[in-house]
Amino acid sequence: MEHNNIMFALITSGVLTLSLVLVTVLKYKFIAKKKCLLGRHVIVTQIIKLYIVYWSIIFSFFQVTGGSSGIGKCIALEAAKIGANVTIVARNENRLRSALEEIKGQCSYNDQKFNYLSVDLAGDYNMVKTTLNNAIDEMGPLCLFINCAGMAICGTLEDISSNDIMKMINTNLISTIQATKAIVNEMKQNGYGSIVITSSLASFCGIYGLSVYSATKFALRGFAEALSMETKNFGIKVTLALPPDTDTPGYANESKDKPLETLLISETANLFTPEEVGRQIFQDTLDGRFFSTVGFEGHMMTIFCAGMAPYTFYLELICQVFCAGILRLITVYYQFTFDKIIKKCKLDREHLKNNKT
Ligand SMILES: NC(=O)C1=CN([C@@H]2O[C@H](COP(=O)(O)OP(=O)(O)OC[C@H]3O[C@@H](n4cnc5c(N)ncnc54)[C@H](OP(=O)(O)O)[C@@H]3O)[C@@H](O)[C@H]2O)C=CC1
Ligand SMILES: CCCCCCCCCCCCCCCC(=O)[C@@H](N)CO
C-alpha cells in the first residue's frame with residue numbers, strides 16, 4: 001500500500017510539473033511575440049506571470065504626463081526601476097530636467113533611454129500631437145501612457161474665479177483628452193498597451209470646496225470608461241487612478257486657501273505619500289485593473305460606485321454585487337458626519353465674525 005502511495009504521489013507531481021512547464025512554454029512562446037504585455041491577462045502562475053510581465057517591460061517605452069512632480073514623477077521612478085525607457089512631459093523645463101536626473105538615478109540597465117518633453121498639454125492640439133509622436137518615433141513603440149497632469153483650486157463656487165474654473169477644466173480635463181487623443185491611434189495600430197487616466201476619489205464623491213475640481217474628475221471617469229470600451233478590442237487596457245489626498249507639491253499648493261470643511265472631509269480618506277500612490281497605480285496598471293486606489297475608503301468606494309465600469313476579476317465583481325447595498329447605508333453615516341462638519345464650521349465662522357464686531 002505504502003509503495004502505491006509513493007508511486008501515485010510521484011506520478012501526480014510529475015504530471016503537474018510537466019503541465020506547468022508546458023503551459024509556460026506555450027504562453028511564453030505565444031506571448032513572447034508581443035513586445036509588451038502590459039495589461040495582458042497572462043494566465044500562468046503568479047511567479048511566472050511576474051517574470052514574463054516584467055521581462056516584457058525592459059526597454060519598453062513609457063510616457064508620463066505631469067511626470068516632473070508628485071504622483072507622476074513617482075510612477076516614472078517605478079517604471080525606471082524595472083527597466084523601462086521613460087519620457088516625462090510637463091511645461092516647466094527646469095523641473096523636468098531635475099526630475100529626469102532623479103529618474104535616471106533609478107535605472108536598472110545602462111542602455112535604458114530617458115527623455116523629457118516641455119509642452120502645454122492643454123494648449124494647441126497639433127503641438128501636443130507632434131511633440132508626443134516625435135518622442136514615440138525616437139524612443140520606440142509606446143507601451144504605457146500615463147496621464148497625471150492636473151491641479152486643484154479649492155474654495156466655494158462663489159469664491160472660485162472664472163479664470164480658476166477654466167484653468168482646472170483645461171489642466172484636468174482638456175490636457176488628458178488631448179494627450180490621449182494624440183497617442184491612441186498609435187497604440188491601436190501596435191495592438192497592445194495601457195493608458196492611465198488620473199482622476200481622484202473626488203470623482204466618486206463631490207466635495208465641499210472642490211465643486212469645479214470634482215466636476216473635472218467626474219468627467220475623467222466617463223472619459224476612461226468610454227475609452228476602455230473603444231480600445232479593449234485593440235489589446236489596450238485603461239486604468240482609472242483614484243488617489244485620495246496625496247502629500248505632493250500640488251497638494252501643498254492647493255492647501256494654501258483650502259476651506260476647513262474641505263480639509264476635514266478629505267481627511268476622511270487619509271493622506272498618503274506620492275510614493276505609495278505612484279507604486280499602487282503602476283502595479284494596478286501592470287495587472288490590467290480598471291480601478292486603482294489606495295486605503296480602506298478608496299477601496300470601499302470602488303466597490304460602492306462601480307456603476308457600469310469594467311470589472312477586472314470575479315472577486316471584485318462578487319464584492320460589488322453583494323456589498324453595494326450595505327455600503328450605501330454606510331455612506332449615509334459619512335454624509336451625516338460631513339453635514340456636521342459643514343454646520344460646525346459655519347457656526348464657528350459666525351461666532352468669530354460676531355466676536356470681531
Ligand atoms: N495630490 C493630491 O492630493 C491628489 C492629486 N490627484 C491628481 O493627481 C495628479 C497629479 O497630482 P500631483 O502629483 O499632486 O500634482 P503636482 O502639482 O505635484 O504635479 C502636477 C504635474 O502636472 C504638470 N502639469 C500641470 N499642468 C500641465 C499642463 N497644462 N501641461 C503639461 N503638464 C502640466 C506639472 O508640471 P508643470 O507645472 O511644469 O507643467 C506637474 O509636473 C493630478 O491630476 C491631480 O488632480 C488626485 C487626487 C489627490
Ligand atoms: C463607501 C464607504 C466609504 C465612504 C468614504 C467616503 C470618503 C470620502 C472622502 C473623499 C476624499 C476626496 C479626496 C480628494 C483628493 C483630491 O483630489 C484633492 N487633494 C485635490 O487634489
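# A tour of two ligand sites and several salt bridges

Select ligand 2 and Glu254 to begin: a nitrogen atom of ligand 2 is 2.8 Å from an N or O atom in the side chain of Glu254. Such a polar contact is a pair of N or O atoms within 3.5 Å; within protein, one atom must be able to donate a hydrogen and the other to accept it, and residues adjacent in sequence count only if both atoms are side-chain atoms.

The model is predicted: local features need pLDDT of at least 70, side-chain atom pairs count only at pLDDT 80 or more, and totals for chains, interfaces and linings use all residues. Residues are numbered from 1 along each chain as its sequence is written, chains are lettered from A and ligands numbered from 1 in the order in which they are written, and side-chain values use heavy atoms, with hydrogens and water left out.

**Stop 1: ligand 2**

Add Asp245, whose side chain has an N or O atom 2.7 Å from a nitrogen atom of ligand 2. Then add Tyr213, where a side-chain N or O atom is 2.8 Å from an oxygen atom of the ligand. Taken alone, ligand 2 exposes 600 Å², and the protein buries 94% of that (areas by the Shrake-Rupley method with a 1.4 Å probe; for residues, only the protein chains shown count as cover).

Now show the whole shell. It has 14 residues, of which Ser200, Tyr213, Asp245, Glu254 and Thr331 come nearest; a residue is near a molecule or strand if one of its heavy atoms lies within 4 Å of it. Colour by class to see 9 nonpolar, 2 polar and 3 charged residues. Here Ala, Val, Leu, Ile, Met, Phe, Trp, Tyr, Cys and Pro count as nonpolar, Asp, Glu, Lys and Arg as charged, and the others, Gly among them, as polar.

Helix H11 gives the largest share of this shell, 3 residues. Helices (H or I, at least four residues) and strands (E, at least two) are DSSP runs, numbered from the N terminus.

**Stop 2: residues 311-334**

Select residues 311-334, one of the spans that an unreviewed UniProt entry lists as "transmembrane region". UniProt positions are in the numbering used here, feature names are shortened, and annotations may be inferred rather than shown by experiment. The span is 88% helix and 0% strand, with its end C-alpha atoms 26 Å apart.

**Stop 3: ligand 1**

Move to ligand 1 and its 31 surrounding residues; Ser68, Ser69, Arg91, Arg95 and Thr248 come nearest. Backbone N or O atoms lie by oxygen atoms of the ligand at Ile71 (2.9 Å), Asn92 (2.8 Å) and Cys148 (3.4 Å). Alone, ligand 1 exposes 880 Å², of which the protein buries 93%. Its shell has 13 nonpolar, 13 polar and 5 charged residues.

**Stop 4: salt bridges**

How many salt bridges does the structure hold? There are 11, each a side-chain nitrogen of Lys or Arg within 4 Å of a carboxyl oxygen of Asp or Glu.

Select Lys73 and Glu102, which meet at 2.9 Å, N to O. Lys73 lies in helix H3 (residues 70-81) and Glu102 in helix H4 (residues 93-104), so the pair ties together parts 29 residues apart in sequence. Lys73 is buried at 19% relative accessible area, while Glu102 is partly exposed at 40% (buried means under 20%, exposed over 50%, partly exposed in between, with a 1.4 Å probe and protein chains only).

Finish with Arg289 and Asp284, a salt bridge at 3.6 Å, N to O. Arg289 is partly exposed at 29% relative accessibility, and Asp284 is buried at 4%.
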